[in-house]
Amino acid sequence: MQQIAVVILNWNGAEYLKKFLPTLIQYSHQAEIIVADNGSTDNSVYFLQSEFPQVRLIILDRNYGFCEGYNRALEQVKAKYYVLLNSDVQVTEGWLQPMYALLESNETIAACQPKILCYSEPSKFEYAGAGGGFID
């Protein structure tokens, strides 16, 4: 079983994958990277198969929306830790290690997230789509 699985739920996001997937691969060598395609009608599946064959591809038969899409994808992934990552996120070197170390150091911690900076204004935190509550 893989320790860390980074799972991206994709729907018509070929352009985001083209832009952000190379950096994710470069800085996530300790994780399995998985893209779950949620019924895309763009060239996402072909793009992934031809340009990133090292990325595991899960093809869902239609768009199940965000929650059900992730649930269906995660049923097919076995890992100790799951990172649910949007396709439009640029990661940086060492982004996974602090979270992994934290989770390994304290079994009472069930969830964590890295600081997410705004792509267009990197000196500010990104807040769009924030979950609210304790995780923020």
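Does Ser87 count as buried or exposed, and at what relative accessibility? In this predicted model, Ser87 has a relative accessibility of 14%. Buried means under 20%, so Ser87 counts as buried. The residue lies in the loop between strand 4 and helix 4 (97–105). Beyond residues up to four places away in sequence, Ser87 touches Ile8, Tyr16, Leu17 and Phe20.

The strand that precedes this loop, strand 4, belongs to an open sheet of four strands. The strand order is 3-2-1-4, and the pairing is parallel. Strand 3 (56–60) and strand 4 (79–84) stand at the edges. Each has a single partner strand, so one side of each is left without a neighbour in the sheet. On average, neighbouring strands of this sheet are turned by 25° against each other, direction ignored. Strands of a sheet pair through backbone hydrogen bonds.

Strand 1 covers residues 2–10, and strand 2 covers residues 32–38. These two strands pair in the parallel sense over six bridges. Ala5 has its bridge partner in strand 2, namely Glu32.

Two helices that pack on the sheet are described next. Helix 2 (residues 44–51) touches strand 1, strand 2 and strand 3. The direction of helix 2 makes about 160° with that of strand 3. Helix 3 (residues 65–74) also packs on the sheet. Its contacts are with strand 1, strand 2, strand 3 and strand 4. The direction of helix 3 makes about 145° with that of strand 1.

Conventions: Residues numbered from 1 in each chain as written. Predicted model: local features only at pLDDT ≥ 70, side-chain atom pairs only at ≥ 80, totals over all residues. Heavy atoms only, no water. Pairing = 2+ DSSP bridges. Axes fitted to C-alpha atoms, helices over the stretch in contact; angles between N-to-C directions. Contact = heavy atoms within 4.5 Å. Buried < 20%, exposed > 50% of the residue type's maximum accessible area, 1.4 Å probe, protein only.
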